[in-house]
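Biologist: I would like a close look at a single part, namely how the strands are paired. Please take your time over it, and then set it in its surroundings.

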Amino acid sequence: MLRLRGITKHYRVGVETIRALDGVDLEIAQNEYVAIMGSSGSGKSTLMNILGCLDRPTEGTYTLDGKQVSSMSAGQLASVRNEKIGFVFQSFELLPRMTALRNVELPLIYSKSGWWTRTKRAREALVTVGLEHRVDHRPNQLSGGQRQRVAIARALVNNPTILLADEPTGNLDSKTSEEILHLFDELHAKGQTIIVVTHEADVARHARRVVRMRDGKVVADHAASLLGAAETGTGGVA
Amino acid sequence: MGPIRLVVIFYQSVVLALAQIWSNKLRSMLTTTGIVIGVASVTAVIAALTGLQTRVLGEFESLGTNKMWIFPQRPDSGPMRTAPFTAFAFRPALFDDLLANAPSVRYLSRVTNATLNVKYESRIEENVQVAGVEAGWHKIENRSVTMGRPFTVLDDEQSRPVAIIDVKMQNRLGLPRDPVGSAITIGSRRFVVIGVIEEKVASGFVQDGISDSELFVPFSTLYNSRRGGQQLPFMYVQGSSTTPQAAAEAQSEITFYLRKVRRIPPGEPNTFRVEFVSRLVDQFNQLALVVTVIATGIVGISLVVGGVGIMNIMLVSVSERTREIGLRKAVGARPATILLQFLVEAVVLCLLGGAVGLLLGYGFAKGLSAIPGLGLQSAYLPLWSVMLSVGFSAGVGLVFGMFPAIKASRLDPIDALRHE
């Protein structure tokens with residue numbers, strides 16, 4: 001369903017070339033729950049940007065749902081993001097002046113077919129994340145966990161191929177984090193493909209598969225059950 | 001992208017723009033001040049000018065836009081420059097063949113006038129303006145004869161002692177309710193009143209030689225009575241062209257004819273002058289146009305200033321909403337959609353300013369028209385100026401909103417989401 005082949009991403013900073021990704025091969029099948037782990041500078045954020053079609057690789061091919069997305073234009077990538085990717089960010093990224101419902105509607109506003117049914121579908125998505133009673137609340141009237149649930153509803157509203165979460169619990173306390181991760185488990189159980197980028201083993205433990213990054217390369221790819229019991233807290237894997 | 005999708009995106013952009021402007025009410029108001037003032041001033045100027053124009057043209061209209069006058073005139077140069085008045089004064093016979101030679105001229109009337117004492121029974125009115133006109137004058141001057149009959153060609157040919165008066169003169173002389181058939185003395189001659197003519201509406205802008213007259217007699221009757229000795233009575237000619245558009249044509253025909261009859265050698269100036277109402281109208285319209293263009297130009301400058309303000313605030317808006325733009329892009333907004341959103345916001349902002357300006361300007365014009373004595377009672381806003389203002393405002397929004405919108409559309413979603 002998702003296949004990366006020889007992906008590299010180079011940035012030029014002054015005279016230096018930084019190899020943020022240095023030949024990544026990765027395949028993720030439908031309904032997988034993958035955690036991408038790595039310390040800062042490992043290239044996991046760059047990988048997430050490419051997986052999320054926010055960025056294009058310098059080299060290599062990325063095939064998503066049979067479509068070659070690595071050579072698409074900015075406009076085409078926008079459509080792919082709209083139809084196939086649901087983003088969950090560490091800092092929620094809700095628009096402060098809009099109600100929860102309007103925030104969830106946002107992807108459908110830019111969707112070819114979803115515009116007409118946006119309110120109905122946004123309500124359904126809010127039901128899915130258990131926020132049907134907070135539909136008309138603005139982000140500042142919601143708790144952190146509720147905000148992230150709204151963001152997840154927004155990510156789900158257009159039935160994405162992949163739910164792509166970047167440190168989804170980074171701004172939440174441990175209890176709320178557990179609730180959010182539990183929601184992810186439920187979504188996964190319903191068949192949702194989920195990719196979580198994190199440096200926390202506690203988060204990665206919820207996944208079924210762990211991909212470890214270091215220096216722009218995949219250094220390990222194993223079942224989440226193999227995560228060592230010692231790897232807790234925020235230390236991660238060096 | 002289908003047309004329905006385009007409409008949806010456009011609608012979405014307008015809704016977003018209005019929400020954005022509403023949530024920044026004070027800022028939006030301050031930003032659009034330049035546009036408001038620009039549009040308000042052009043609206044007020046155009047409304048006032050249109051009112052003035054309506055009034056002046058209305059007066060010209062009531063005068064008859066195909067009306068013309070031919071006056072003798074001493075030229076500024078050439079041998080006739082120092083000639084005595086008699087050398088170029090008109091004589092009645094000069095115009096005998098004019099109608100036959102000027103197809104664009106419909107009616108002609110030789111006109112002369114005199115100030116005479118008028119007497120009816122024991123009542124004497126002194127220094128009355130008496131005008132001598134021909135039968136054609138009735139056709140040129142649209143004043144109906146309410147009682148009795150108008151002048152005929154025979155009245156003139158036979159120099160009959162007949163007179164037409166208006167109601168004012170009728171009252172001044174104390175003539176009976178039906179004065180037709182009454183005898184009055186004009187100067188030293190007895191005249192029979194043959195008709196009553198409606199009064200002339202006084203014009204504030206155009207004075208014509210006999211407009212004050214209240215008493216009319218046949219041209220030849222008055223002209224011949226004043227002839228004698230070396231003195232040549234003053235006369236001029238009034239006429240009308242077949243249509244208002246034919247006035248220029250008529251002028252050149254008259255000029256050609258008179259130069260030929262008067263044997264003016266080529267290169268020498270005319271010894272007469274042809275005036276027509278439609279040229280006065282043209283001159284006035286030209287003046288009005290110049291004022292409009294200048295006003296519009298000044299307003300254009302203020303709109304550019306307003307536009308710079310719009311650009312500034314849009315740049316601030318793009319910078320403030322960088323994260324929002326990043327998020328919108330992440331969830332699928334195309335660069336073109338973002339561009340449209342910001343462009344529409346700038347245009348809507350300017351259009352709102354333009355609308356407020358229109359209202360202000362209209363109110364100002366209404367206020368002007370309410371002041372008596374300004375002569376602007378008919379001040380109003382022509383549709384074209386409304387459209388011009390709306391178009392100008394939208395144009396300013398488009399032009400000055402383009403750069404910020406392009407900037408927004410080109411933001412990289414990753415950088416934008418990282419923006420603090």
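Modeller: Two strands count as paired if DSSP finds at least two bridges between them. The model is predicted, and by that criterion strand β1 (residues 2-13) of chain A pairs with strand β2 (residues 16-28) of chain A, the two running antiparallel and being joined by ten bridges. Where these strands turn into one another, A:Val13 has A:Glu16 in β2(A) as its bridge partner. Two residues lie between the strands of this hairpin, and there A:Gly14 adopts a positive phi near 65°.

A second part of the pairing in chain A is an open sheet of six strands, in the order β6-β7-β8-β3-β9-β10 (chain A), and its pairing is mixed. Its edges are formed by β6 (85-88) and β10 (217-223) of chain A, each of which pairs on one side only. From one strand to the next, the twist averages 20°. Within the sheet, strand β3 (residues 33-37) of chain A and strand β8 (residues 193-198) of chain A are parallel and share five bridges, with A:Tyr33 standing opposite A:Ile194 in β8(A).

Towards the edge strand β10, the backbone has a feature that deserves a second look. A:Asp215 sits in the loop between β9 (209-214) and β10 of chain A, and its phi is near 50°, a positive value in a residue other than glycine. Most residues other than glycine have a negative phi. A:Asp215 is partly exposed, because it has 13 other C-beta atoms within 10 Å and residues count as exposed only at 12 or fewer.

Around these strands, chain A as a whole comprises seven helices and ten strands. Its radius of gyration is 18 Å, which agrees with the value near 18 Å for a compact globule of 238 residues, and its C-alpha atoms fill a box of roughly 50 × 45 × 35 Å along the principal axes. Buried residues account for 48% of the 238 residues of chain A. Of the contacts in chain A between residues at least 6 apart in sequence, 67% join residues at least 24 apart.

The packing can be followed from the chain A sheet into the core. A:Ile36, A:Val104, A:Ala153 and B:Ala346 touch the most other members of the largest nonpolar core, which has 120 residues. Helix α13 (residues 335-370) of chain B contributes the largest share of this core, 15 residues. Setting aside neighbours within four places in sequence, A:Val104 is in contact with A:Ala122, A:Ala125, A:Leu126, A:Val150, A:Ala153, A:Arg154 and A:Val157. Another core, of 53 residues, lies apart from the largest one, and its members include B:Ala131, B:Ile140, B:Phe151 and B:Ala163.

Where the chains meet, 19 residues of chain B are in contact with 20 residues of chain A. On the chain B side, α1 (3-23), α12 (322-330), α13 and α15 (413-418) each supply at least two residues, and α12(B) gives the most, with five. By class, that side of chain B has ten nonpolar, four polar and five charged residues.

Chain B offers strand pairing for comparison. It has 15 helices and ten strands, and its radius of gyration of 34 Å is well over the 22 Å that the globule rule gives for 420 residues, so chain B is more spread out than a compact globule. Its C-alpha trace spans about 105 × 55 × 40 Å along the principal axes, and 40% of its 420 residues are buried.

In chain B, strand β1 (residues 67-72) and β10(B) pair in the antiparallel sense over five bridges, and B:Met68 stands opposite B:Phe276 in β10(B). Strand β10 (residues 272-276) of chain B has B:Phe272, B:Val274 and B:Phe276 on a covered face, while B:Arg273 and B:Glu275 lie on an uncovered one. In a regular strand the side chains alternate between the two faces of the sheet.

Finally, B:Asn127 lies in strand β3 (residues 123-133) of chain B and has a positive phi of about 50° although it is not a glycine. B:Asn127 counts as exposed, because it has 8 C-beta neighbours inside 10 Å.

Notes. Residues are numbered from 1 along each chain as its sequence is written. Chains are lettered from A and ligands numbered from 1 in the order in which they are written. This is a predicted model: local features need pLDDT of at least 70, side-chain atom pairs count only at pLDDT 80 or more; totals for chains, interfaces and linings use all residues. Helices (H or I, at least four residues) and strands (E, at least two) are DSSP runs, numbered from the N terminus. Axes are lines fitted to C-alpha atoms, for helices over the stretch in contact, and angles run from 0 to 180 degrees between N-to-C directions. A nonpolar core is a set of buried Ala, Val, Leu, Ile, Met, Phe, Trp, Tyr and Cys residues joined through C-beta atoms within 7 Å. A residue is buried if 20 or more other C-beta atoms lie within 10 Å of its own, exposed if 12 or fewer, and partly exposed in between; C-beta atoms are placed from the backbone. Two residues are in contact if their C-beta atoms, placed from the backbone, lie within 7 Å. Ala, Val, Leu, Ile, Met, Phe, Trp, Tyr, Cys and Pro count as nonpolar, Asp, Glu, Lys and Arg as charged, and the others, Gly among them, as polar. The radius of gyration is taken over C-alpha atoms; the globule rule is 2.2 Å times the number of residues to the power 0.38.
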